[in-house]
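Take a moment to turn the model around on your screen and keep the sequence open beside it. The report that follows walks through it one region at a time.

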Amino acid sequence: MGYFPDWRPAAGATVLPDEKLPLTQAVPMSLQHLLAMSGSTILAPLIMGFDPNVAVFFSGIGTLLFFAVTGGRVPSYLGSSFAFIAVIMAATGFAGGGPNPNIAVALGGIIAAGLVYVLIGLVVMAIGAGWVEKLMPPAVTGAIGMSIGLNLAPVAVKQLAGSHAHLSIALATVLCMAMVSVYGRQATRRIAVLVALLFGYGLVLVLGNGLGLVPGIDFAAVAAAPWFGVPNFTAPRFEWSAISLIAPVAIVLVAENLGHIKALGAITGQSMDRYIGRGFLGDGLATMLAGAGGGTGVTTYAENIGVMAMTRVYSTLIFPMAAAIAIFLGLSPKFGAVLQTIPAPVLAGLAVSVFGLIASAMARIWVDNKVDFSDPRNLFTVGVALIMGAGDFTVNIGNFSLGGIGTSTFAALALYQLLGIGRRA
């Protein structure tokens, strides 16, 4: 068996990872995956004050790198990770709105998180992933994920503040995403963030640019931007205070990627456990590369796993195609200028929706894995982690600072193991 699969033509309704579709079917499928990732991959950098064009560019580069490291055997797209938002805003002192003037400091922390992630991947490749699964069972991973969503709550609430028109558009965007998520067709639900974004954008165009009832969208920068050009790369700057806040996010990415690879194994019917270490390594290297040039930290995307589950097309060759299109878009300053015109109230509404879903969706981990909350070990571990995350409990020791997501993560990991000492199960 070679490093890469010998992709054979698909023969049935279900397309396995080592099968390929005709180009006429593969290209539309890659566009569908691009749409699935685009809403969140664009939203995260805008909230943190990053250049979304650069983030899209590095999502494509990172996906190609992940494809190469995993030998083309794990069907995944890498996009902006929401796990970085709270710690980056804390490390840079960014309150939202416009470009973040301290991006360079955040990039140093992103590279550090990627390095920790790479080291974990190398250890898993050497000795297996059993220790990761014991360290982070469903009770712990669910608590960590929910803590991220709760920690981000103040960010979303602050973005809601403004005029009655600002609040109305934000809440209309929230309602749109809720309606699409509940009543939309399955394919539409996968791109609910993108649909809500377009709805809010259109609402501002009608009420602002058309009727003059709210501030309109200024397209001057779009008109002036060239169609093709090099993205606005930013060099990182390494400061210990930022590194200590951001680097622990690597643990969150490990838990997230582990869950995604397990899910891929379940829906494809082919266990991918032997690629867990390579998956961590590829994701870590992609995060380091993004941090080196001004992109956000990246992670495998559940949205794309949802598309695969819906279409039953798991061919890994789809993802390099989607990545190539993302890189092409990232090389268009005009595309980036359009992204920068997304109105603040629309971003506020999307933040409320997405951050809330991050928190609530984690409960599904507990339900699916039948976590026993009558067990005080699980109850106490989750309870303490959620309080530390929601309250943004920060530990400062000299120049070292560990924010709410970090303290919540380590509390969940440590408490679960400590409370298991002397227990039979």
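Let us begin with Leu65, which lies in helix α2, a helix covering residues 52-69. The model you are looking at is a predicted one. Is Leu65 buried, partly exposed or exposed? Leu65 has a relative accessible area of 25%. Buried would mean under 20% and exposed over 50%, with partly exposed in between, so Leu65 counts as partly exposed.

Now look at what surrounds Leu65. Leaving aside neighbours within four places in sequence, Leu65 is in contact with Gly282, Leu285 and Ala286. A further pair to find is Leu65 and Leu281: 216 residues separate them in sequence, while their C-alpha atoms are 9.9 Å apart in space.

**The nonpolar cores**

Which residues touch the most other members of the largest nonpolar core? In this core of 108 residues, they are Phe84, Ile85, Phe280 and Phe355. Ile85 is a good one to select on your screen. Not counting residues up to four places away in sequence, Ile85 touches Ala44, Ile47, Met48, Leu152 and Phe355. Another core, of 5 residues, lies apart from the largest one, and its members include Phe57, Phe58, Ala290 and Ile327.

**Two covered helices**

Ile85 also brings us to helix α3, which runs over residues 85-92. This helix is mostly covered, with 6 of its 8 residues buried. The buried residues in α3 are Ile85, Ala86, Val87, Ile88, Met89 and Thr92. After α3 comes Gly93, and the phi of Gly93 is positive, near 65 degrees.

Helix α6 spans residues 138-151. From the first C-alpha to the last, the 14 residues of α6 reach 20 Å, close to the 20 Å expected at 1.5 Å a residue. Why can α6 be called largely enclosed by the rest of the structure? The reason is that 12 of its 14 residues are buried. Among the buried residues of α6 are Ala139, Val140, Thr141, Gly142 and Ala143. Further along α6, Ile144, Gly145, Met146, Ser147, Ile148, Gly149 and Asn151 are buried too.

**A nonpolar patch on the surface**

Nonpolar side chains also appear on the outside of this model. Leu115, Leu119, Leu122 and Met125 make a nonpolar surface patch of about 360 Å². One of these residues, Leu122, is found in helix α4, residues 103-127. With a relative accessibility of 42%, Leu122 counts as partly exposed.

**Salt bridges**

How many salt bridges does the structure hold? There are 5 of them. The table lists three, with the distance between nitrogen and oxygen for each.

| Acidic partner | Basic partner | N to O distance |
|---|---|---|
| Glu133 | Lys262 | 3.3 Å |
| Glu239 | Arg237 | 3.1 Å |
| Asp273 | Lys262 | 3.0 Å |

Start with the salt bridge between Glu133 and Lys262. Glu133 lies in helix α5 (residues 130-135) and Lys262 in helix α13 (residues 249-268), so the pair ties together parts that are 129 residues apart in sequence. Both ends are partly exposed: Glu133 has a relative accessibility of 33%, and Lys262 has one of 30%.

Lys262 also meets the side chain of Asp273 in a salt bridge. Here Asp273 sits in the loop between α13 and α14 (276-293), and Lys262, in helix α13, is 11 residues apart from Asp273. Asp273 is partly exposed as well, at 35% relative accessibility. Elsewhere, Arg8, Asp18 and Glu19 are joined into one network by salt bridges that share partners.

The remaining pair in the table is Glu239 with Arg237. Glu239 is partly exposed, with a relative accessible area of 31%, and Arg237 is also partly exposed, at 41%.

**An unusual backbone angle**

Our last stop is Lys370, in the loop between α18 (344-368) and α19 (376-390). What is the phi of Lys370? Its phi is positive, about 50 degrees, although Lys370 is not a glycine. Is Lys370 buried or exposed? Lys370 has a relative accessible area of 71%, so it counts as exposed.

Definitions and conventions:
Residues are numbered from 1 along each chain as its sequence is written. This is a predicted model: local features need pLDDT of at least 70, side-chain atom pairs count only at pLDDT 80 or more; totals for chains, interfaces and linings use all residues. Side-chain values use heavy atoms; hydrogens and water are left out. A nonpolar core is a set of buried Ala, Val, Leu, Ile, Met, Phe, Trp, Tyr and Cys residues joined through side-chain atoms within 4.5 Å. Buried means under 20% relative accessible area, exposed over 50%, partly exposed in between (1.4 Å probe, protein chains only). Contact means heavy atoms within 4.5 Å. Patches are made of residues with over 30% relative accessible area and no salt bridge: like charges are joined within 9 Å, nonpolar side chains (Val, Leu, Ile, Met, Phe, Trp, Tyr) within 5 Å. Accessible areas come from the Shrake-Rupley method with a 1.4 Å probe; for residues, only the protein chains shown count as cover. A salt bridge is a side-chain nitrogen of Lys or Arg within 4 Å of a carboxyl oxygen of Asp or Glu. Helices (H or I, at least four residues) and strands (E, at least two) are DSSP runs, numbered from the N terminus. The expected span of a helix is 1.5 Å times one less than its number of residues.
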